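Me: Please pick one contact here and give me a close look at it. Spell out your cut-offs as you go.

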Amino acid sequence: MLYREVGEYKTSYAEDSQTFPIKFDRYRYFFVLLVGILFVPFVINDYWAGAVFLPFLIYAIASLGLNILTGYCGQVSLGTGGFMAVGAYAAYKLMTAFPDLNIFFVVIISGFVTAAVGTMFGLPSLRIKGFYLAVATLAAQFFLVWLFNKVGWFYNYSASGQITAPARSLGDFLITGPDATPAAQYLFCFLFVFILAWIARNLTRGKIGRSWMAIRDMDIAAEIIGVNPLIAKLSAFAISSFYVGVAGALFFTVYLGAVEVTEAFNIQKSFIVLFMIIIGGLGSIFGSFAGAAFMVLMPVVLKNLLVTQLGWATDIAAHFEFIIIGGLIVFFLIVEPHGLAQLWNLLKQKLRLWPFPY
Amino acid sequence: MSADFLYTIEVILNGLMAGVLYALVALGFVLIFKASGIFNYAQGVMALFAALTLVGLQEGRVPFAHLINATFGTHVHNFDWTLPAVAAIALTVVVMVLFAICVEKLILKHLVNQEPIILFMATIGLAYFMEGFGDLMWGSDVKKLNVGIPQGGSLWFEDLTIGWAAEGEKFYGMYIDILDVWAAVIALVLVLVLTIFSQYTKSGRALRAVADDHQAALSVGISLRMIWVLVWSISGFVALVAGMMWGAKSGVQFSLSLIALKALPVLMLGGFTSIPGAIVGGLIIGAGEKLFEFFIGPLIGGATENWFAYVLALLFLVFRPQGLFGEKIIERV
Amino acid sequence: MSKASISIGGVTGKVPVMEIKNIVLRFGGVVAIQDISFDIYEGEIRAIIGPNGAGKSSMLNVINGFYHPQEGEVWFRGRKRAAMKPYQIAHQGIARTFQNIALFKGMSALDNIMTGRFTHMKKGVFSQMIWKGSAEREEYENREIVERVIDFLEIQHIRKTPVGALPYGLQKRVELGRALAAEPQLLLLDEPMAGMNVEEKEDMSRYILDVNSEFGTTVALIEHDMGVVMDISDRVVVMDYGKKIGDGSPDEVRNDQAVIDAYLGVSDN
């Protein structure tokens, strides 16, 4: 089957504005979903879950969130790590304070808590813009990490200062704790990714998404069409933080199980998620996934290549990782500021014309 | 004078000294920002890289020793020579100039006319690259840096101040690190030299012209690319000085690049475009965070230096978005 | 071509939509607008002309809330308007275009014009999250109106093109489309024909006249091209150095000695 839109005539606005206007894309999307639900859970093991699938799914949520704020609404945030920490610690406090609360709701409520905190730190965005705002979000990053590190209430005064996720299950399946199976954890994260990506797509294609993009592209013109900058920016901060908070909660409860805040949610985390959306594509849902996949897979591949194959010391491989990530960021910004998503689109454009390019 | 009062003065003095170093890093930011509108996140990593190179050259380390050993199975670490500090500093300056040329050729040239935020993100990428590159080149162990600046507490100052306390109070004099004093003096000299350079030399005038208006500067025949190399070289030099001072104080290691982050709130206070702003902002942040840690820190768990500067700058910005000395932002419709 | 012959909305009712009363606007020591009063009737095309720096754009900015005058009042639909933010004024039904095109560069022409419907879309965040159902319905109802605007402006072919990639004249048209999509009660146009060639100017004039006659939209515009202004507008305000020096029908203004001296005669415009 050729990749064509020929023969597909749109007769309603609904058909014209659907997510995957070309049939082939729609089939591929359902195929990925089916593989994700019906195939992966049966073959997944600890290594693949820990090294690839769980981090990919969780980072995809975080980068969807940051993309809403930065890619769609144009507000650069360097506080993602701090907000993920809010999600993680909210989940911990909820799990320990209400042992009977379903883990699903623990994650959701953690998202709402983070949304509240994120909105608070988003308030300065009404007065300050651009780099100033980016730097201001660092205040959130450092302050929040310090708070969770220093104030005993947040880690229940544990001697190590760590937080550890108690075992919780959804139905018959253990989701958190050391005995949870990778398949259950994977499906749990998959569920969140699916719902949140669907919501992100809906939000960004409608009125609220257009109001974000209007603020991003030209805030003065946004005001004259009736967009209240206060509501547009704060809603972006709130929804973005919700996503990031959910990612943080999953990162702690499902993925790591035990967390030390200065290690797990430091400034590097903020940068990694930022890099995901730059490499993947600012203002693109697909880009959030592509960037997350890239940033998760690259260290794994490098480690396999350099350490396992070539036998180098891990620290040299780590240095190379920095060099490659940094180089790629610059490369992408120079060659294609819209990231992998744009490259993907260009490829599809070519494919639509293939094999007769004129 | 009561001992508490003297302690407060001591805290302020030490804070101001630390502030001078913040100001020094901030200065590098301001220079690049004024000349090219680029918010150079890599400034702190440049300081780290410069300090690493300085140590490496001084001690005669083999660049990429780790990598060479891993690839060829050799065991090279050091050359047989060591360099005097002055020669090593001079060579490091050359390296930083080369670095500036590379940045211009490989990055800036291709990103002309991009939005500022894209350039900002590119410098974050650059910072990552340099961090890996510096560590790969010189190894990631903590290094001692000694370029002959004296350090340690000043006994003279301690003796001088010990008599200030009121009769019967326990006070052992104020502690001031000689290195900090040197750093303050050098930073002052550097600022003076830069001011003279930008006011009275041809390149300096060109620099200011570019800062005012890129297009107009181009139209009178100033080469933008030359200016960029120049300004990145200068801030490479400023980074070297900052890296030297900080490295001598607490060793050359990864955390050195984090001082860049400390310079950010300094910039927010002082405004991105003002050299005096960078200095005053640095002093305010330096003294402010030490005072806050001294008085409030013990009540809330300490280590407030991690965030105090940012929160201070954030609150400040909400009320005065252009910073202390920044030009007023006028939005035209 | 005289305006009166083709106007349907016309100036028949003479009901003022907007009354500007004794506006004074200062920037520091500079007086941009000095005690200006005029009114805009329902359904007319009202032009503001004057040499560069006369304060025309400042006047528009006062009307749609970017600037807040130190003295004077703005009356809209018979009511004195409190100091409002631009987005609140947009919700009252005032739309505008800009002298230097202010489109959303990252969005397609269609999306840009859809943003114009912002004030008419009421569905909340949660129905948008679910999309299916009310939010989707609302989206397509508004899309229909936008498609009508697109047809009207003859820009069907560039619907899905990112506006950054469009030529200047089409960008101007898309910007007009965005303002029209809001179905405004008062449409402000800041130099709609700046930088256009003769054909483009004729097109744009036609659109403005059609908007006025077909939808009955009240238009206030600033324009440099005297010929165009005299042809399409019902009444003209003439400004110079922040003061009003003339007000009346194009013919009256054309023959006003003060206007000729201050504007047509002396200035190089």
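Reply: Axes here are lines fitted to C-alpha atoms, over the stretch in contact for helices, and angles run from 0 to 180 degrees between N-to-C directions. The model is predicted, so to speak plainly about filters: local features need pLDDT of at least 70, side-chain atom pairs count only at 80 or more, and totals for chains, interfaces and linings use all residues. Residues count from 1 along each chain as written, with chains lettered from A and ligands numbered from 1 in written order.

Let's look at α14 of chain A, residues 314-335, against α5 of chain B, residues 116-138. (Helices are DSSP runs of H or I, at least four residues, numbered from the N terminus.) Their axes sit 7 Å apart and make an angle of about 155°. That makes α14(A) and α5(B) roughly antiparallel, a label for angles over 145 degrees. The crossing of α14(A) and α5(B) is left-handed, with the near helix turned anticlockwise from the far one by less than a right angle. The residues of this contact split into 18 nonpolar, 5 polar and 3 charged; nonpolar covers Ala, Val, Leu, Ile, Met, Phe, Trp, Tyr, Cys and Pro, charged is Asp, Glu, Lys and Arg, and the others are polar, Gly among them.

Now zoom out. Across the two chains, 36 residues of A are in contact with 40 of B (C-beta atoms, placed from the backbone, within 7 Å). On chain A's side, the elements giving two or more residues are α6 (130-150), α12 (267-280) and α14. Of these, α14(A) brings the largest share, 14 residues. That whole side of chain A divides into 28 nonpolar, 4 polar and 4 charged residues.

Notes
Parallel < 35°, antiparallel > 145°, perpendicular 65-115°, else oblique.
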